[in-house]
Amino acid sequence: MKVLGTAKFDAYLAAYNIPFESDIEDLLGTYPPRHWSRFVTAENAHLASADALDLVDRLLRFDPRERATAKEATLHAYFGTVDPRERATAKEATLHAYF
């Protein structure tokens with residue numbers, strides 16, 4: 001909640017009609033959403049492209065209906081620099097691991 005924000009958490013609970021103990025709510029506090037760029041430091045800045053932050057944003061959501069699926073994630077622009085042959089090889093390796 002400290003990152004995604006209290007309002008998004010409350011919307012998630014309401015969308016799925018999930019009860020929440022009111023006495024716990026006081027312990028959690030109220031937080032505004034924080035942009036992923038706030039987590040970029042000098043040490044990780046070379047990894048934190050706009051596409052990388054967008055992908056993280058699409059994956060880290062309270063509501064699973066709002067999250068990118070695995071297929072959507074692999075098609076994201078962040079992976080645009082990956083050679084299509086490498087994608088196919090990775091996909092095949094994943095399939096073989098399950099079967």
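**Close-up views of a predicted helical chain**

**View 1. Asp57 pairs with Arg61.** Asp57 has a relative accessibility of 25% and so counts as partly exposed (buried is under 20% relative accessible area, exposed over 50%, partly exposed in between; 1.4 Å probe, protein chains only). The model is predicted: local features need pLDDT of at least 70, side-chain atom pairs count only at pLDDT 80 or more, and totals for chains, interfaces and linings use all residues. Residues are numbered from 1 along each chain as its sequence is written, and side-chain values use heavy atoms, leaving out hydrogens and water. Arg61 forms a salt bridge with Asp57 (a side-chain nitrogen of Lys or Arg within 4 Å of a carboxyl oxygen of Asp or Glu). Their closest N and O atoms are 3.2 Å apart. Arg61 is partly exposed too, at 25%.

**View 2. The whole chain is helical in pattern, α-α-α-α-α.** It has five helices and zero strands (DSSP runs numbered from the N terminus: helices are H or I, at least four residues; strands are E, at least two). Of the 99 residues, 14% are buried. The chain exposes about 7900 Å², and carbon and sulfur atoms supply 59% of that area (Shrake-Rupley method, 1.4 Å probe; for residues, only the protein chains shown count as cover). Among contacts with a separation of 6 or more, 57% join residues 24 or more positions apart (contact means heavy atoms within 4.5 Å).

**View 3. Helix 1 has a buried side and an exposed one.** Helix 1 spans residues 6–15, and Thr6, Phe9 and Leu13 are buried in it. These three lie on the same side of helix 1, because they cover an arc of only 65 degrees around the axis (taken from the directions from the helix axis to the C-beta atoms). Ala7 and Ala14 are exposed on the other side. Just after helix 1, Asn17 takes a positive phi of about 55 degrees.

**View 4. Thr6 reaches the backbone of Tyr31.** A polar atom of the Thr6 side chain lies 2.6 Å from the backbone nitrogen of Tyr31. Thr6 sits in helix 1. Its relative accessibility is 8%, so Thr6 counts as buried. Leaving aside neighbours within four places in sequence, Thr6 is in contact with Met1, Gly29, Thr30 and Tyr31.

**View 5. Phe20, Ile24 and Leu28 make a nonpolar surface patch.** Together they have about 210 Å² of accessible area. Patch members have over 30% relative accessible area and no salt bridge; nonpolar side chains (Val, Leu, Ile, Met, Phe, Trp, Tyr) are joined within 5 Å, like charges within 9 Å. Ile24 belongs to helix 2, residues 22–28. It is partly exposed, at 36%.

**View 6. Arg58 and Asp54 meet in helix 3.** Their salt bridge measures 2.7 Å, N to O. The two are four residues apart in helix 3, so about one helical turn separates them. Arg58 is partly exposed at 40%, and Asp54 is partly exposed at 27%. Val56 is also found in helix 3, residues 50–59. At 32%, Val56 is partly exposed. Its C-alpha atom is 9.9 Å from that of Arg67, 11 residues apart along the chain.

**View 7. A salt bridge links buried Asp63 to exposed Arg65.** Side chains of opposite charge can pair when their charged atoms come close. Here the N to O distance is 3.4 Å. Asp63 is buried, with a relative accessible area of 6%. Arg65 is exposed, at 60%. The chain's count comes to three salt bridges.

Terms used. Polar contact = N/O pair within 3.5 Å; in protein donor to acceptor, adjacent residues only side chain to side chain.
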